[in-house]
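This report describes the strand arrangement, the nonpolar cores and selected residues of one protein model. The sequence and the structure are shown first.

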Amino acid sequence: MAQHGFNQPRNVPERVYRTRCPGYLPPMMSNNVSKLISNTLALNKAPYKEPTYKDGFPTWVKPGDRKLLQSSSPAPRANIVVAQDGSGNYRTIKDAISAASKRSGSGRYVIHVKAGTYRENIEIGSKLENIMMVGDGIGKTIITGSKSVGGGSTTFNSATFAVVGDGFIGRDITFRNTAGPRNHQAVALRSGSDLSVFYRCSFEGYQDTLYVHSERQFYRECNIYGTVDFIFGNSAVVLQNCNIYARNPPNKTNTVTAQGRTDPNQNTGIIIHNSRVTAASDLRPVQGSVKTYLGRPWKQYSRTVFMKTYLDSLINPAGWMEWDGNFALNTLYYAEYMNTGPGSSTSNRVQWRGYRVLRSASEASRFTAGEFLAGNSWLASTGVPHTLGL
């Protein structure tokens, strides 16, 4: 795998560099995004308090939202229904979003998207808050697109589904990008929605599948498929009870995460808790010829923690991979805590100054949904099962 640094070489045109470098954004957009992240994600540090969960969700999830998430019905109390066969209010998700933008008030607004394959690129803007989108299940309600850097898009704009409006909840939906393994960055979902939750969803792509762009996010019982840097961004995000599937990459190297913390004061990071990292069906037969790593440092203060997670034999014994030589190896924060499985041994892990094995529950508790996301104040209201502590 080619090693990619931060800066675009002067003698390489942007259009060429863009296709080679994971997570690349044009200079103007990169600067704006960096400022936004720095301003909004340097969350105030607070003394540790024992986190609290209710019904498996952080308590910041309001009781009403918790009931919606836990409801056994496909679409609890839907305000509008999307159905390709005409049996709903709208045939396209885009039309439903447009209708939702005209609603009165800002309370929870539920959109039921019935089973079907919706070939749409969707963006839910910053003014559209507290939207809940419920499908009929993974593999049944599918939102799919094919934009990619290889196809002329930017990473940021390649997302099949993008959400910025705060308080978004997604349930029982597949988000897919079909650009393929050779079209470089191709995002299935990008979220910059604060206090957003995804429950029983699937995110399917290859490079840069899930862009956890910014703000506080929680994923529960989701599937994430990809190859290079396929969970990346600079949010404060916890993925809990999820299945992470590495696919067969063209260049024979996979990196599960690429976290983008640019400032040591930002309380951001990718936390993977009580999950499973295994090979997807296309990787299993050739797993021995592919190197799969837990992550690499996209930015100077990259922070990623795997805890109480099953790591299968596909994980390289070194565990983690450099981005570009010695870049960020002393300033990153990569940690592992009580992982299990044949790929979980830390005896041959990297010897970087920024890597550590956590030995105590008190250390690891800093990265639980309760403390890391201040989840005790909002997760309970979403109705999604969650664990606030270890």
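Which residue is the bridge partner of tyrosine 225 in β20? The partner is tyrosine 245. The model discussed here is a predicted one.

**Strand pairing**

Strand β17 (residues 223-226) has parallel pairings with strand β14 (residues 202-204), over 3 bridges, and with strand β20 (residues 243-246), over 4 bridges. Tyrosine 225 of β17 is the bridge partner of glutamate 204, and tyrosine 225 is also bridged to tyrosine 245 in β20.

An open sheet of 11 strands is paired in the parallel sense, and its order reads β3-β4-β7-β10-β13-β16-β19-β22-β25-β27-β28. Its edges are β3 (80-82) and β28 (355-357); each has a single partner strand, so one side of each lacks a neighbour in the sheet. From one strand to the next, the twist averages 10°. Within this order, β25 (residues 303-307) and β27 (residues 333-337) are joined over 5 bridges in the parallel sense, and methionine 307 has tyrosine 337 of β27 as its bridge partner.

Another open sheet, with parallel pairing, comprises 7 strands in the order β6-β9-β12-β15-β18-β21-β24. Here β6 (122-124) and β24 occupy the edges with a single partner strand each, so one side of each is left without a neighbour in the sheet. Neighbouring strands of this sheet are turned against each other by 10° on average, direction ignored. Strand β15 (residues 210-212) pairs with β18 in the parallel sense over 2 bridges, and leucine 210 stands opposite isoleucine 231 in β18.

The parallel pairs for which bridge totals are available are collected below.

| Strand | Partner strand | Bridges |
|---|---|---|
| β14 (residues 202-204) | β17 (residues 223-226) | 3 bridges |
| β17 | β20 (residues 243-246) | 4 bridges |
| β15 (residues 210-212) | β18 | 2 bridges |
| β25 (residues 303-307) | β27 (residues 333-337) | 5 bridges |

**Nonpolar cores**

In soluble globular proteins, nonpolar side chains tend to be buried together. The largest nonpolar core of the model holds 57 residues, and the members that touch the most other members are Ile111, Met133, Phe161, Phe203, Tyr219, Ile231 and Leu239. Helix α4 (residues 93-100) supplies the largest share of this core, 5 residues. The same helix, α4, lies across β3, β4 (109-113) and β7 (131-134), and runs at about 165° to β4.

Leucine 239 has contacts that include Leu210, Tyr219, Ile224 and Ile231, and also Ile270, Ile271 and Ile272, when residues up to four places away in sequence are not counted. A second core, separate from the largest one, has 29 residues, among them Phe218, Met307, Ala335 and Leu373.

**Individual residues**

Aspartate 229 belongs to strand β18 (residues 228-233). An unreviewed UniProt entry annotates Asp229 as "active site". Is aspartate 229 buried or exposed? Its relative accessible area is 1%, so aspartate 229 is classed as buried, the cut-off being under 20%. The side chain of aspartate 229 makes a polar contact with the side chain of threonine 255 at 2.7 Å.

Arginine 284 is located in the loop between β23 (276-279) and β24 (291-295). With a relative accessible area of 52%, arginine 284 counts as exposed, for which the cut-off is over 50%. Arginine 284 and arginine 247 are 37 residues apart along the chain, and their C-alpha atoms are separated by 8.5 Å.

Notes:
Residues are numbered from 1 along each chain as its sequence is written. This is a predicted model: local features need pLDDT of at least 70, side-chain atom pairs count only at pLDDT 80 or more; totals for chains, interfaces and linings use all residues. Side-chain values use heavy atoms; hydrogens and water are left out. A nonpolar core is a set of buried Ala, Val, Leu, Ile, Met, Phe, Trp, Tyr and Cys residues joined through side-chain atoms within 4.5 Å. Buried means under 20% relative accessible area, exposed over 50%, partly exposed in between (1.4 Å probe, protein chains only). Contact means heavy atoms within 4.5 Å. Two strands pair if DSSP finds at least two bridges between them. Axes are lines fitted to C-alpha atoms, for helices over the stretch in contact, and angles run from 0 to 180 degrees between N-to-C directions. UniProt positions are given in the numbering used here, feature names are shortened, and annotations may be inferred rather than shown by experiment. A polar contact is a pair of N or O atoms within 3.5 Å; within protein, one must be able to donate a hydrogen and the other to accept it, and residues adjacent in sequence count only if both atoms are side-chain atoms.
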